[in-house]
Amino acid sequence: MIEQNFIKLLEKSFKENWDLPAYTNYSDKQTYSYGEVAAQVAKLHLLFKNAHVQQGDKISLIGKNKPNWAISYIAIVTYGAVVVPILQDFNPNDIHHIVNHSDSIMLFCSDKNWDSLEEDKMDNLLAVFSLDDFRCIHQRDGEGIQKLMLNLDKKFKTKYPKGYNIDDVKFADRDNSELAMISYTSGTTGFSKGVMLSANALAGNVTFGINTHLLEKGDRVLAFLPLAHAYGMAFDFLTATCVGTHVYFLNKIPSPKVLTKAFEEIRPVLIISVPLILEKIYRKQLQPALSKRSMRLALSIPYLDDKIYANVKKKLDESLGEEFKEVIIGGAPLNKEVEDFLRKIKFRFTVGYGMTECAPLVCYEDWRNFVPYSVGKPLPLMEVKIDSSDPINIAGEILVKGENVMSGYYKNAEATKNAFTEDGWMRTGDIGVMDANGNLYIKGRCKTMILGANGQNIYPEEIEEKLNNLPFVMESLVIEKDNKLFALVYPDYEAVDAAEISHADLDIVMEENRKQLNTIVGSYENITKIILYPTEFVKTPKRNIRRYLYTNININV
């Protein structure tokens with residue numbers, strides 16, 4: 001059990017960082033100090049108490065990254081209730097289901113999300129509150145919540161006649177073993193489950209961030225990953241809040257252009273990212289410049305190439321604000337070509353490994369000690385082993401155990417049982433190997449692995465990674481039909497048009513790509529045909545392709 005209590009970590013931070021800036025809404029630059037956040041949290045606590053919310057009750061939360069999202073989350077968990085963060089990209093039917101399945105009695109919701117929801121499909125809710133201004137936008141008949149909200153300021157002033165100050169910060173006494181959050185997964189298998197995370201699991205991630213000095217008092221971070229997802233939540237938000245970091249919430253689509261502008265303004269000290277962001281910068285900005293004939297010639301000249309790469313690194317650093325200690329990449333595999341390039345220019349980055357069921361971190365290594373193509377080493381409070389007769393040479397399922405591991409799936413005893421071995425190891429569903437020094441290497445997902453005709457294990461993600469590096473491929477998906485491998489490809493039409501290639505000639509281009517691909521993969525991994533796909537593939541909020549949607553696609557050969 002983690003020694004430091006999760007709720008008390010938050011309480012301590014609000015007292016120690018009272019006058020420091022806590023949260024800023026990037027769009028309008030509105031900033032709240034830690035003291036102002038604490039006062040708003042106390043006001044919501046008063047609301048919960050007068051509405052007869054009990055410790056352990058569930059409260060859902062959905063909306064864009066913004067200070068009021070963070071304030072609501074802090075208020076819920078420090079009251080002793082259980083927060084149910086919902087990704088705002090979920091469709092309305094999924095949101096209805098999660099609110100009902102989680103037994104939530106309240107919902108904090110953006111006005112935009114609320115417009116798409118139907119209150120009569122969530123009849124367990126006492127009330128719904130707007131994340132724009134905390135007004136009550138729906139109440140169950142006869143509850144009187146709206147009247148309570150109208151009198152809340154008066155009740156708050158009565159309780160704190162001298163104003164709310166540091167000495168008034170007092171959060172719930174609740175053991176780390178208690179349930180703190182239910183996070184509904186958005187996996188590639190199409191089945192959403194409620195991951196039960198104790199305060200201990202959340203504290204495990206936060207204390208790791210504190211002990212490794214990922215963030216410190218007065219640092220700045222830009223929270224652009226969805227806070228409802230465990231990765232961004234654990235470090236951009238929870239760790240940041242517990243140490244006194246200034247969090248800027250980017251409530252815009254994180255395109256490279258938008259991010260570059262925000263990075264230059266904020267100059268974050270740590271950048272938490274998914275691979276897609278750096279891969280887009282590499283493919284759209286760096287690779288085209290380096291592919292010019294004059295540049296290729298210059299790179300072939302000794303010593304001159306070092307100067308060119310140093311200049312590229314300088315420009316990339318500047319586009320990310322220059323002051324970052326490192327970029328931590330997680331959530332999905334990083335393309336090896338991109339990783340090789342970033343390493344060549346000596347860019348400060350590392351790749352970690354985690355999952356919602358571990359709140360989320362399992363493995364990490366500082367960028368200085370990070371081993372190429374790995375995802376780091378297990379955290380001190382986590383154990384990792386490979387279910388294989390030879391974990392170094394033969395891939396097997398990755399099993400984990402430790403402080404960050406979930407309590408189980410909410411109201412799903414069968415799924416919980418299936419998630420653990422008889423001796424208590426959690427099955428991750430990922431396949432990997434581990435070297436003699438404890439570095440973990442991910443090969444793919446158990447459910448996506450394809451068994452070749454002669455018994456070989458085929459990992460489609462590895463083939464896709466190579467295919468995505470070939471000309472005019474935006475993204476790809478490898479599937480198996482009748483013991484043959486096919487690749488669905490969504491072309492990079494912007495690059496196609498820039499090269500003045502006719503769309504009618506794309507089949508010819510992709511056939512050349514197929515031939516090239518088959519020279520760099522194993523014979524048992526050869527692609528029979530590349531099939532052009534008309535649209536981008538449907539993805540999870542982590543930008544992983546929802547593979548299950550394409551398993552039964554009709555292929556005419």
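**Figure 1. The largest cavity of the predicted model and its lining.** In this predicted model, the largest cavity has a volume of about 60 Å³. A search of the whole structure finds four cavities of 30 Å³ or more. The lining of the largest cavity consists of Phe6, Ile7, Val77, Ala81, Arg174, Asp175, Glu178, Leu179, Ala180 and Ala199. Two or more lining residues come from each of helix 1 (6-16) and strand 8 (179-184). By residue class, the lining comprises seven nonpolar and three charged residues, with no polar ones.

**Figure 2. The largest nonpolar core and a second, separate core.** In soluble globular proteins, nonpolar side chains tend to be buried together. The largest nonpolar core of this model contains 164 residues. Those with the most contacts inside this core are Phe6, Tyr23, Phe48, Tyr73, Phe108, Phe237 and Phe347. A second core, separate from the largest, has 17 residues, among them Leu467, Leu485, Val496 and Met510.

**Figure 3. Surroundings of Phe237 and its aromatic cluster.** Residues up to four places away in sequence being set aside, Phe237 touches Tyr23, Trp69, Ala70, Tyr73, Ile74, Leu227 and Gly232. Phe237 also belongs to one aromatic cluster together with Tyr23, Trp69, Tyr73 and Phe249. Both Tyr23 and Tyr73 are listed with Phe237 among the residues that have the most contacts inside the largest nonpolar core.

**Figure 4. Two aromatic pairs, one tilted and one edge-to-face.** A pair of aromatic rings is described by the distance of the centres and the angle of the planes. The count for the model comes to 26 aromatic pairs. Phe156 and Tyr160 form a tilted pair, with 5.0 Å from centre to centre and 55° between the planes. Phe156 is buried at 11% relative accessibility, and Tyr160 is buried with a relative accessible area of 14%. The ring centres of Phe224 and Phe263 lie 5.9 Å apart and their planes stand at 80°, so this pair is edge-to-face. Phe224 is located in the loop between strand 10 (220-223) and helix 9 (230-243), whereas Phe263 is in helix 10 (residues 256-266); the pair therefore ties together parts that are 39 residues apart in sequence. Phe224 is buried, with a relative accessible area of 6%, as is Phe263, with 2%.

**Figure 5. Helix 16 and the environment of Ser476.** Helix 16 (residues 460-468) is mostly covered, with eight of its nine residues buried. The buried residues are Pro460, Glu461, Glu462, Ile463, Glu464, Glu465, Leu467 and Asn468. Ser476 lies in strand 25 (residues 473-481) and counts as buried because its relative accessibility is 2%, against a limit of 20%. Neighbours within four places in sequence aside, Ser476 is in contact with Glu464, Leu467, Asn468, Leu488, Val489, Phe537 and Ile545. Of these, Glu464, Leu467 and Asn468 are buried residues of helix 16, and Leu467 is also part of the second nonpolar core. The C-alpha atoms of Ser476 and Lys466 are separated by 9.8 Å, the two residues being 10 residues apart along the chain.

**Figure 6. Ala289 in helix 11 and its separation from Tyr364.** Ala289 has its place in helix 11 (residues 275-290). Its relative accessible area is 33%, and Ala289 is therefore partly exposed, this class lying between 20% and 50%. Ala289 and Tyr364 are 75 residues apart in sequence, and their C-alpha atoms are 32 Å apart in space.

Technical notes: Residues are numbered from 1 along each chain as its sequence is written. This is a predicted model: local features need pLDDT of at least 70, side-chain atom pairs count only at pLDDT 80 or more; totals for chains, interfaces and linings use all residues. Side-chain values use heavy atoms; hydrogens and water are left out. Buried means under 20% relative accessible area, exposed over 50%, partly exposed in between (1.4 Å probe, protein chains only). Helices (H or I, at least four residues) and strands (E, at least two) are DSSP runs, numbered from the N terminus. A nonpolar core is a set of buried Ala, Val, Leu, Ile, Met, Phe, Trp, Tyr and Cys residues joined through side-chain atoms within 4.5 Å. Contact means heavy atoms within 4.5 Å. On a 1 Å grid over the protein atoms alone, a cavity is a set of points where a 1.4 Å probe fits but cannot get out, and a pocket is an open set with protein on both sides within 12 Å along at least five of seven lines; lining residues have an atom within 4 Å of a point. Grid points are joined across faces, edges and corners, and a volume is the space filled by probe spheres set on the points. Ala, Val, Leu, Ile, Met, Phe, Trp, Tyr, Cys and Pro count as nonpolar, Asp, Glu, Lys and Arg as charged, and the others, Gly among them, as polar. Rings of Phe, Tyr and Trp (its six-membered ring) pair if their centres lie within 6.5 Å; planes under 30 degrees apart count as stacked, over 60 as edge-to-face and the rest as tilted.
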